[in-house]
Amino acid sequence: MAPRNARLAALQRHLLAATPTAAAVPDDPIAEPRMGRIDAAALREFVTALLVAKGSEPAEAETVAAHLVLSNLKGHDSHGVGMLPQFAAPDPTPHSQGSAG
C-alpha cells in the first residue's frame with residue numbers, strides 16, 4: 001500500500017506546486033484570495049490515484065476521474081471533483097450492484 005500512498009503524495013505535491021498561491025492585493029484588506037488553475041490531465045491523474053488508493057479498480061477510477069474533471073471543465077462544479085469526499089469516504093452500508101427489483 002505504501003507505493004500507492006507515495007504516488008498519491010507525489011501527485012498532490014505536483015498539483016500544489018503547479019497552482020499559483022493565493023495572493024491578496026496589498027492595498028485591499030478585504031481582497032479575496034485568487035484562485036489558481038490546475039492542469040486537467042494532472043487533476044485527472046491525481047483523482048484516479050486517490051480513488052485507487054481508496055480501493056477502486058484502476059479502470060473504474062479512471063472513468064470516475066474523467067467524469068468528475070469534465071464536469072468541472074464544463075462549469076458544473078457541484079458535480080466535479082468537489083464530490084470526492086463523498087466518493088472516497090468509507091461507506092458502512094453494503095450495496096448490491098445491478099438493477100433494483
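## A tour from the H2–H3 crossing outward

Start with helices H2 and H3, where H2 passes H3 in a right-handed crossing. Keep in mind as you look around that this is a predicted model.

**Stop 1: the crossing.** Stay on this pair and turn the view until both helix axes are clear. Two packed helices are described by the angle between their axes and the distance between the axes. Here the axes of H2 and H3 come within 8 Å, and they cross at roughly 140°. Angles over 145 degrees would count as roughly antiparallel, so H2 is oblique to H3.

**Stop 2: the residues where they meet.** Now show side chains. On the H2 side, select Ala40, Leu43, Arg44, Val47, Thr48, Leu51 and Val52. Their counterparts in H3 are Pro58, Ala61, Glu62, Val64, Ala65, Ala66, Leu68, Val69 and Leu73. Colour this selection by residue class and you will find 13 nonpolar, one polar and two charged residues in the contact of H2 with H3.

**Stop 3: the core.** Next, select Leu8, Phe46, Val47, Leu51, Leu68 and Leu84. These are the residues with the most contacts inside the largest nonpolar core, which has 16 residues. Which elements give two or more residues to this core? They are helix H1 (2–18), helix H2 (40–53) and helix H3 (58–73). H2 supplies the largest share, eight residues. Val47, Leu51 and Leu68 may look familiar, as you met them at the contact of H2 with H3.

**Stop 4: Ser71.** Move along helix H3 to Ser71. Is Ser71 buried or exposed? Its relative accessibility is 18%, so Ser71 counts as buried. Leaving aside residues up to four places away in sequence, Ser71 touches His76, Asp77, His79 and Gly80; add those to your selection.

**Stop 5: Gly82.** Carry on into the loop between H3 and helix H4 (84–88), where you will find Gly82. With 60% relative accessibility, Gly82 counts as exposed, whereas Ser71 counts as buried. For a distance label, pick the C-alpha atoms of Gly82 and Val69: they are 9.6 Å apart in space, with their positions 13 residues apart in sequence.

**Last stop: the whole chain.** Zoom out and switch to a cartoon. The chain has four helices and zero strands, and from the N terminus its elements run α-α-α-α. Of the 101 residues, 23% are buried. Among contacts in the chain with a separation of 6 or more, 41% join residues 24 or more positions apart.

Methods:
Residues are numbered from 1 along each chain as its sequence is written. This is a predicted model: local features need pLDDT of at least 70, side-chain atom pairs count only at pLDDT 80 or more; totals for chains, interfaces and linings use all residues. Side-chain values use heavy atoms; hydrogens and water are left out. A nonpolar core is a set of buried Ala, Val, Leu, Ile, Met, Phe, Trp, Tyr and Cys residues joined through side-chain atoms within 4.5 Å. Buried means under 20% relative accessible area, exposed over 50%, partly exposed in between (1.4 Å probe, protein chains only). Contact means heavy atoms within 4.5 Å. Axes are lines fitted to C-alpha atoms, for helices over the stretch in contact, and angles run from 0 to 180 degrees between N-to-C directions. Angles under 35 degrees count as roughly parallel, over 145 as roughly antiparallel, 65 to 115 as roughly perpendicular and the rest as oblique. A crossing is left-handed if the near helix is turned anticlockwise from the far one by less than a right angle, and right-handed if clockwise. Ala, Val, Leu, Ile, Met, Phe, Trp, Tyr, Cys and Pro count as nonpolar, Asp, Glu, Lys and Arg as charged, and the others, Gly among them, as polar.
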